[in-house]
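Colleague: I would like to learn how a sheet and a pair of helices are read from a model. Could we go through them slowly?

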Amino acid sequence: MKYVGIQTQIWRNNRRTFLLLLMFPVILLGMVLATIALLDWFGAFCWNGGCQAEKLAATIHWPIVMGYFKQALPYVLGITGLWFFIAYFANTSIIRHATGARPLERKENVRVYNIVENLCIAGDIEMPKINIVEDPCLNAFASGIDINSFTITLTTGIIDKLNDAELSAVVGHELTHIKNRDTRLLVVCIVFVGIFSTLQTLSFKMIGSMLHSPRRRSRTKNDGAVFYIILLLVFVALWSTIACFFSTLTRLAISRKREYVADAGGAELCGDPLALASALKKISAEPGLASVRRDDVAQLYVIHPDEEGDEEANSKLSGFMAKMNILFCTHPDTPERIKLLEQF
């Protein structure tokens with residue numbers, strides 16, 4: 001395996017993450033533009049009889065399309081911005097509720113507090129809150145969107161079963177997520193994917209409702225308008241399905257890149273890459289937190305519990321199929337992460 005320095009790995013993954021993040025607004029605006037263009041192709045913007053010839057020609061009139069796109073742009077950005085604002089700031093409470101985490105008091109476990117504080121001082125990182133989940137298995141994650149909500153959550157199992165060096169390495173990994181604002185980045189990704197997913201669901205429901213409406217059984221003078229409304233919903237459903245698929249792949253790619261960066265940063269912060277490698281081996285054997293049935297929360301974990309079960313099956317696949325399978329994972333293969341750590 002070719003040696004890759006820690007800083008080189010961080011810079012490379014930061015650059016790739018930035019490029020991947022740009023895909024979200026591109027996909028959203030592209031979906032709007034494509035919908036308007038297809039509506040024009042079907043003649044949706046020709047409301048008088050003089051447009052029949054153009055309608056039959058099935059062409060796209062780009063001046064008209066761009067005019068409607070510019071008109072729709074403020075509404076699209078406004079609605080998306082409001083949606084994003086609400087989901088963004090509700091994320092912290094959603095994670096806490098989903099995992100059943102509670103605050104860990106200093107007097108309850110001085111050892112954990114000392115480890116976190118020492119690493120924060122060494123890395124010049126803001127001291128986060130510390131939460132604990134009553135789970136005998138091993139896992140940890142970082143969450144939060146700002147200094148007031150940044151939190152490191154540990155299971156009781158990971159506190160009890162890792163030695164100080166291993167626990168320091170895991171905490172260093174999570175502190176790197178906070179330092180690099182990965183938790184905020186992943187919230188952004190999750191919200192964007194949620195927007196496309198919700199549009200997809202609502203569009204299909206509205207199409208079904210309109211097609212089965214009693215009014216559709218008899219012809220009315222509004223049939224033309226209804227046809228274009230249904231056509232619009234079909235396009236929204238089509239593009240949101242495509243956008244949901246590619247935005248999900250983008251979100252997963254960003255998540256995997258940030259795990260590599262956090263591994264490198266955590267190893268550098270604690271000064272012991274082998275300790276983090278050893279911790280990952282122990283965590284992968286019993287990752288815990290499997291009761292949390294939310295993938296958007298599980299992708300924050302140091303090791304995704306569901307994907308650990310897939311790694312053995314993935315190892316039996318051919319090279320191409322294994323690469324295709326990893327595209328749908330939030331984390332890179334744990335053995336690969338361990339190999340990278342052991343080369344330092």
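Modeller: Let us start with one pair of residues: Ala140 has Leu154 in β4 as its bridge partner. This is a predicted model, in which local features need pLDDT of at least 70 and side-chain atom pairs count only at pLDDT 80 or more, while totals for chains, interfaces and linings use all residues. Residues are numbered from 1 along each chain as its sequence is written, and side-chain values use heavy atoms, with hydrogens and water left out.

Colleague: What joins β3 to β4, and how do these strands run?

Modeller: Strands of a sheet pair through backbone hydrogen bonds, either parallel or antiparallel. Here β3 and β4 (residues 151-155) run antiparallel and are joined by 4 bridges; strands (E, at least two residues) and helices (H or I, at least four) are DSSP runs, numbered from the N terminus, and two strands pair if DSSP finds at least two bridges between them.

Colleague: In which order do the strands of the open sheet lie?

Modeller: The order is β1-β2-β4-β3, with mixed pairing among the 4 strands. β1 (102-103) and β3 (140-143) are the edge strands, each pairing on one side only.

Colleague: At what angle do the axes of α4 and α8 cross?

Modeller: Axes are lines fitted to C-alpha atoms, for helices over the stretch in contact (heavy atoms within 4.5 Å), and angles run from 0 to 180 degrees between N-to-C directions. The axes of α4 (residues 62-99) and α8 (residues 182-211) come within 10 Å and cross at roughly 130 degrees. The residues that meet include Trp83 and Phe84 in α4, and Val187 and Phe192 in α8.
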